[in-house]
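Let's take a walk through a protein fold, looking at how its strands pair, how its helices pack and where empty space is left. Keep the 3D view open and turn it as you read.

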Amino acid sequence: MDPTLDACPTGGLPAHARVLDGPGVWLEGDAVDQLARVARTPGCVAAVGLPDLHPGPGTPIGATFAFEGRIWPALVGGDMGCGVRLVALDRVKASGDALERRVRAELASDPLDGVDAGRLLACVWRDGPRGLLDVPGIPDDLAELAEGEAPGDGPVGDEPDPGYGHQLGSVGGGNHFLELARVHRVVDRSAAAQIGLERGGYAVIAHSGSRGLGKRLASDWDNVVLAERDAEPWLRQLRGAIHFARANRLILCWRMLRAVGAARPGRIAGSLDLTHNTVEAHAGRWLHRKGSAPAEEGRLTVVLGSRGAESWLMRGCGSEACLCSVAHGAGRRYDRGRALALMKHRYRRAELARTDAGGRVICDDREALYAEHPDCYKAILPVIDALEAHGAATRVASTIPLVTVKQ
């Protein structure tokens, strides 16, 4: 076991750490201090704070770290495998009130009723979304979507409690959401065409992770820094959690696709899935992502806006100086406690069911409506501008939410 974060020296950013800031980017000193402290831990050879950098519980969110010979599970955190799936569509059924009713009706149903939760968990833990094909009782249209998925990417650890299978298909709390959006702007038509996005089209976006499963797994590795030779047991758990999270995002998107009458592969123009909280081998080092999206050269990636704001599809530039990363979203401006106090005095609850852009918000959690208000997040365009200015990625297309589901 290596020294924990609390034992690490503080001070300014070391030479191998940088922050991708820029005009209009909101950065808290506490977040930069956290970045510096992690960057100074033994084995860290590079650290990048993305423009959405903000303080986390001990370690910053919105950052990528490169370690040589060591793996630090706490940098990934409890939401192992958190990420985003985007599905492109050309048209949807219904709009306005009718669309909201259809989404609410879908959310009120249980499309996996009768499916054995333990078998469901076992199959996706082992093989990710494609494991759904091995689950008796899975609806035909979900199975059709799963057929297009890649198999699992390596051995996994022992199966966790089968009860976690009941959480598949649920959004989760915090900044997670399920959304139907309209394509707003297209800047790079060629790159947008790779995934089937065009102006006036639609996208289903799911931002979620491993739910309570990841939190449970992470509790076994608090404050432990692993030598590379000792890391395989944790890496196997991480693979299983990522498989679970990817399957969860596919099921979430399928539910929205059902609501808009598009839950068939023939209705889908393209899709991608990205993981934000993970550890991956890269150039002989171990990249630790905590709220950062991959941005290898030519790879499409997504930077999420808050509800009511644009999300951006971008094209990665493969910048090693940026550790081949972009921000995973706009990033919080206020922590949830301060956000609640501010927003409750600023808005009536009835106002929170609509966004300034005309979108609808479906959420039964009163506190989440306030804590996740767009005012509590950084503006998205300075984040996108900063990523381009630092050579991390270039903008491709943006989407505006029509219906956002928070749970």
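Find threonine 64 first: across from it, in strand E11, stands arginine 289. Keep in mind that you're looking at a predicted model. The two strands behind this pair are E3 (residues 61-67) and E11 (residues 285-290), which run antiparallel and are joined by 5 bridges.

If pairing is new to you, here's the short version: strands of a sheet pair through backbone hydrogen bonds, either parallel or antiparallel.

Now zoom out a little. E3 and E11 belong to an open sheet of 5 strands, and the order is E1-E2-E3-E11-E10, with mixed pairing. Which strands stand at the edges? They are E1 (17-19) and E10, and each has a single partner strand, so one side of each is left without a neighbour in the sheet. On average, neighbouring strands here are turned by 15° against each other, if you ignore direction. Something also lies across part of this sheet: helix H1 (residues 29-39) covers E1, E2 (44-54) and E3, and runs at about 165° to E2.

Next, look at strand E6 (residues 177-186). It pairs with strand E7 (residues 202-208) in the antiparallel sense, and it is also joined to strand E17 (residues 393-405), again running antiparallel. Here are the antiparallel pairs met so far, each with one pair of facing residues:

| Strand pair | Bridges | Facing residues |
|---|---|---|
| E3 and E11 | 5 bridges | Threonine 64 and arginine 289 |
| E6 and E7 | 6 bridges | Alanine 181 and alanine 203 |
| E6 and E17 | 8 bridges | Leucine 178 and valine 405 |

On to the helices. Two packed helices are described by the angle between their axes and the distance between the axes. For H7 (residues 211-218) and H8 (residues 232-259), the angle is about 170° and the axes are 10 Å apart. Since angles over 145 degrees count as roughly antiparallel, that makes H7 roughly antiparallel to H8. Which residues meet? From H7 come Arg211, Leu213 and Leu217, while H8 brings Gln237, Ala241, Phe244 and Asn248. Sorted by class, this contact has 4 nonpolar, 2 polar and 1 charged residues.

H8 turns up again around the second largest pocket, which holds about 470 Å³ of space. A total of 19 residues line this pocket, and Asp153, Ile242, Thr275, Thr278 and Glu280 lie nearest its centre. H8 gives the largest share of the lining, 5 residues. Strand E9 (268-275) and strand E10 (277-282), like H8, each supply at least two residues. The classes in this lining are 10 nonpolar, 2 polar and 7 charged residues.

Finally, what about space inside the protein? Rolling a probe the size of a water molecule over the atoms shows where empty space is left. Searching the whole structure turns up 2 cavities of 30 Å³ or more, and the second largest has a volume of about 30 Å³. Its lining is made of Leu86, Leu197, Val302, Ser311, Trp312, Leu313, Ala397 and Thr399. E14 (311-316) and E17 each supply at least two of these residues, with E14 giving the largest share, 3 residues. How many of the lining residues are charged? None: the lining of this cavity divides into 6 nonpolar and 2 polar residues.

How values were computed: Residues numbered from 1 in each chain as written. Predicted model: local features only at pLDDT ≥ 70, side-chain atom pairs only at ≥ 80, totals over all residues. Heavy atoms only, no water. Axes fitted to C-alpha atoms, helices over the stretch in contact; angles between N-to-C directions. Helix = DSSP H or I, 4+ residues; strand = E, 2+ residues; numbered from the N terminus. Parallel < 35°, antiparallel > 145°, perpendicular 65-115°, else oblique. Contact = heavy atoms within 4.5 Å. Nonpolar A, V, L, I, M, F, W, Y, C, P; charged D, E, K, R; others polar. 1 Å grid on protein atoms, 1.4 Å probe; cavity = no way out; pocket = protein on both sides within 12 Å on 5 of 7 lines; lining within 4 Å. Points joined across faces, edges and corners; volume = space filled by probe spheres on them. Pairing = 2+ DSSP bridges.
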